[in-house]
Amino acid sequence: MVGLILWTAPQKGRKRVEVREQIFLHMRFLCAEIGHSPHPAVLRRRVLAAGKKLRKRGVVRVVLPEEFACHEQLEKCGLRPVPTLGLRRALAADWVQAGLAEQGIPTAGARVAVSAAALTGEVVRTVTELALRHRYVLLDLSYGGEELCRQLRREYGVSLLLGPSRDQLAEAEALILFDARSDLTARNPVTLRLYDEDFPLPPLSLPPVLQERIPKGIHQGQMLAALREAGAVKREQIVLGRPHVEMASSFSV
């Protein structure tokens, strides 16, 4: 079972930490409701107590509140945040399209480069979606990719540029990195680091009829990742808002 930490307003007579099961969008969570405190030391003690209760009930992954600052206390209990890498990669094609629109770059004619260490299923899905939307898709792999190129040409009549140079990667309007690249300096108008949990997600939401049924004030990416993994929501139901993109600058990736 996935855990969920919720802040609650202090109320007289209410326990500082309460743990109970709750269901959101047909998915069961073990929720730790913690009375919020303006005192950091008090809050850390409460989070530690909540973490112990969750771990005792078999929880190892949790959805956290926004702006959560008590990670160390959860780590002591053997808890970790719900990972969002799968969600990030599932949304990559939509994320790029939103980022290009934000930059005022025409989608169809934009050059979109994908760099990955291996041709995984996630890479194949992303490249296929991109090839159907963009005229120029560049695929940079350590090895392989020829069969995917033939398949896309045969089934959809689209072509990939396999094995682009560093200059071609640098000149692309969008760069999608499935794995870290220490040899690249990203200057692309849109850059997505899909391997990095700390890379800010764009605003995400569900259709209003579903969004109103999940708690407010939580880490939206973690919640949607948990719901998607459990099959409670589909990728097509997740809506991207104003995206976070890295503007052209010099940094190592």
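Which residue stands opposite Val112 in S7? The partner is Val137, and this pair is a handy way into the fold. Please keep in mind that the model is predicted.

**Overall picture**

Nine helices and 12 strands make up the secondary structure of the protein. Along the principal axes, its C-alpha atoms fill a box of roughly 65 × 35 × 35 Å. Of the 253 residues, 47% are buried. Among contacts with a separation of 6 or more, 67% join residues 24 or more positions apart. The protein exposes about 12,800 Å², and carbon and sulfur atoms supply 50% of that area. If you are thinking about charges, there are 36 positive and 27 negative side chains, and the centres of the two sets lie 10 Å apart.

**The parallel sheet**

Let us go back to the strands around Val112. Five strands form an open sheet with parallel pairing, in the order S8-S7-S6-S9-S10. At the edges are strand S8 (161-162) and strand S10 (190-193), each of which pairs on one side only. Helix H4 (residues 92-103) packs on this sheet and touches S6, S9 and S10; the direction of H4 makes about 150° with that of S10.

Within the sheet, S6 and S7 are joined in the parallel sense over six bridges. Strand S6 (residues 111-116) also runs parallel to strand S9 (residues 174-177), with four bridges between them. One of the residues on that side is Ser115, whose bridge partner in S9 is Leu177.

How many of the six residues of strand S7 are buried? Five of them are, so strand S7 (residues 136-141) is largely enclosed by the rest of the structure.

**The mixed sheet**

A second group of strands deserves its own look. Here five strands form an open sheet in the order S2-S3-S1-S4-S5, and the pairing is mixed. Strand S2 (17-24) and strand S5 (80-81) each have a single partner strand, so one side of each is left without a neighbour in the sheet. Helix H1 (residues 40-56) packs on the sheet, where it touches strand S1 (2-8), S2, strand S3 (27-35) and S4. The direction of H1 makes about 150° with that of S3.

At the S5 edge, strand S4 (residues 61-63) pairs with S5 in the parallel sense over two bridges. Arg61 stands opposite Arg80 in S5.

The parallel pairings described above can be set side by side:

| Strands | Sense | Bridges |
|---|---|---|
| S6 and S7 | parallel | six bridges |
| S6 and S9 | parallel | four bridges |
| S4 and S5 | parallel | two bridges |

**Two loop residues with positive phi**

Most residues other than glycine have a negative phi. Two loop residues are worth a glance with that in mind. His26 is not a glycine, yet has a positive phi of about 70°. The place of His26 is in the loop between S2 and S3. Is His26 buried or exposed? With 76% relative accessibility, His26 counts as exposed, because the cut-off for that class is over 50%.

Glu67 also has a positive phi, near 55°. This residue sits in the loop between S4 and helix H2 (71-76). Its relative accessible area is 79%, so Glu67 is exposed.

Note on methods. Residues are numbered from 1 along each chain as its sequence is written. This is a predicted model: local features need pLDDT of at least 70, side-chain atom pairs count only at pLDDT 80 or more; totals for chains, interfaces and linings use all residues. Side-chain values use heavy atoms; hydrogens and water are left out. Buried means under 20% relative accessible area, exposed over 50%, partly exposed in between (1.4 Å probe, protein chains only). Contact means heavy atoms within 4.5 Å. Accessible areas come from the Shrake-Rupley method with a 1.4 Å probe; for residues, only the protein chains shown count as cover. Lys and Arg count as positive and Asp and Glu as negative; His and the chain ends are not counted. The place of a charge is taken as NZ of Lys, CZ of Arg, CG of Asp or CD of Glu. Two strands pair if DSSP finds at least two bridges between them. Axes are lines fitted to C-alpha atoms, for helices over the stretch in contact, and angles run from 0 to 180 degrees between N-to-C directions.
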